Amino acid sequence: MKINFIKNKLKTLLCLVLVLTCTFCIFSPISAFAEKSLEELRDEYEKIEENIRENQQNLNEVQGEIKDNKTKLDKLNSEIDDIQAQVDILGNRIDILNGDISELNGSIKTVTGEISEINSMIAQIEAQITEGEILIAETREQVLMRIRENYMLGGGSTLELLFGAEDITSFLARKELVDRVSEKDTKLITELTSDLVELNSLETQLESEKLELQGKRDKLDSDMSTLTARQDDLQSSMDVQEAKKKEATKKYEQVEDILEQLDEDSEEYKAIIKRQEEERKIIEAQIDAYIKEHGSQVGDTPDEEYNNDGDMLWPVAGKTTMTAGYPAYSNGNAHWGIDICVVGATGGTRDENGRSYSLGKPFRAAQGGEVIIAANDDNWNYGFGNYCVIDHGDGTQTLYAHAQTLYVKKGDIVQKGENIGAIGETGNVTGPHLHFEVRVKRGDSVSRVQPLDYVKKP
Ligand SMILES: [Zn+2]
């Protein structure tokens, strides 16, 4: 994950800050400089140079990180906006759908009410029909019973009953009775049957209405299912978008935290660099003051024993390369000398096994003179490691740093081309090389100058 990468990077940077802060803390206070030798002042100067260079690199790195993170933040912001827009659209759709569903629910309720009303009407009619049917059956039964009774009385049929009359008066009276009974029953049965037909037709009509309503209800149910399914779909889309938004917001907050931390780091580095630059200026002034008082200057005549012929020699014999020049490294940070490495047949500084061609090879005095500084104590010496300075008596001085060991000591007179030490990697280096500087004192001014104006690579 990117976040993890940034976190790791951040950890590394924070460690660097701690290390650098500690390194800075062990610097000697400025007030002690007045008591220090030229070597010590030179040491401190170089150390501060190195520290400033490192801190500047770290600052650049942090500022690069800040820029990257700001870009990431912008991207996340627009991502969140996009997701929010989608969430809004989905929210609107869900609102509309909820309205549709509640409308549909109302319709379903109405239709269901109508159906139940019709159902109860049907039930009523069915009860009436049943009642009518029973009444008809009973009436029929009564008529039959009456006829049976008459028959029993006369011992025969209605005709027998009629014809069994003793006289015509009796016959007429009997006929009238039979007619009346028959007429009444027939009328009753006809009426009842007609009622029954009517009720049946009503029931049929209601059944058909009920079917119609049932169809409507089915249609509404199916619409409802469709809407509910759509609502579920939208809700799950909504959930997905909400989750995405949550994740993006979390990422945004994380990047914001990192940015805040990086801003703090950046401020810290700026403060360290500012302090170191102030220290460097003071030490440089101290070194200049020392040389102004004790060093030879342009116009002086060198001691005869120096055999100073005026032309300096490239300080390393054999095939070499310059890996860093004056007055700055390729990254733009200050570098007041040149770095020289011994190379192999193919031009590389290391062999196929990664061994340096430079390590242990001798370096030599660029010109005759007196060794005025020689530190061969394998100490850090504020970045120079083992190093020496030769005063050539004519206002020029040369410095040789990071030696594996020195062959000379303070006060020695050396000749031009004489081996004075072995190339090493003591002090603040990334690999074995010779760091070579030329200094010129002219009148009241002392300056570190372009060594390539004095030595030419063979
Ligand atoms: Zn160097």
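In this predicted model, strand 6 (residues 396-406) is joined to strand 9 by 6 bridges, and the two run antiparallel. The chain holds 4 helices and 10 strands, and its elements follow the order α-α-α-α-β-β-β-β-β-β-β-β-β-β from the N terminus on. Of its 458 residues, 26% are buried. Among contacts with a separation of 6 or more, 73% link residues that lie 24 or more positions apart.

**Strand 9 and its partners**

- Strand 9 spans residues 434-442, and 7 of its 9 residues are buried, which leaves the strand mostly covered.
- In the pairing with strand 6, threonine 396 has valine 440 of strand 9 as its bridge partner.
- Strand 2 (residues 338-342) also pairs with strand 9 in the antiparallel sense, here over 3 bridges.
- Within that pairing, histidine 435 of strand 9 stands opposite aspartate 339.
- Strand 10 (residues 445-449) is a further antiparallel partner of strand 9, with 5 bridges between them.
- Arginine 442 is matched across this pairing by serine 445 in strand 10.
- Strands 9 and 10 form a hairpin with 2 residues between them, and glycine 443 in the turn has a positive phi of about 60°.

**Strand 2**

- Strand 2 is largely enclosed by the rest of the structure, because 5 of its 5 residues are buried.
- Ile338, Ile340 and Val342 point one way from strand 2, while Asp339 and Cys341 point the other way; all are buried.
- In a regular strand, side chains alternate between the two faces of the sheet.
- Strand 1 (residues 320-324) runs antiparallel to strand 2 and is joined to it by 4 bridges.
- Aspartate 339 of strand 2 is the bridge partner of alanine 324, and aspartate 339 also stands opposite histidine 435 in strand 9.

**Nonpolar cores**

- The largest nonpolar core has 33 residues, of which Tyr387, Cys388, Tyr400, Ile420 and Leu434 touch the most other members.
- Two or more residues of this core come from each of strand 2, strand 4 (369-375), strand 5 (386-391), strand 6, strand 8 (419-423) and strand 9.
- Strand 6 gives the largest share of this core, with 5 residues.
- A second, separate core has 6 residues, among them Val62, Ile258, Tyr269 and Ile272.

**Threonine 186 in helix 4**

- Threonine 186 is located in helix 4, which covers residues 168-294.
- Is threonine 186 buried or exposed? Threonine 186 counts as exposed because it has 11 C-beta neighbours inside 10 Å, and the cut-off for an exposed residue is 12 or fewer.
- The C-alpha atoms of threonine 186 and arginine 140 are 9.3 Å apart in space, although the two residues are 46 apart in sequence.

Notes. Residues are numbered from 1 along each chain as its sequence is written. This is a predicted model: local features need pLDDT of at least 70, side-chain atom pairs count only at pLDDT 80 or more; totals for chains, interfaces and linings use all residues. A residue is buried if 20 or more other C-beta atoms lie within 10 Å of its own, exposed if 12 or fewer, and partly exposed in between; C-beta atoms are placed from the backbone. Two strands pair if DSSP finds at least two bridges between them. A nonpolar core is a set of buried Ala, Val, Leu, Ile, Met, Phe, Trp, Tyr and Cys residues joined through C-beta atoms within 7 Å. Two residues are in contact if their C-beta atoms, placed from the backbone, lie within 7 Å.
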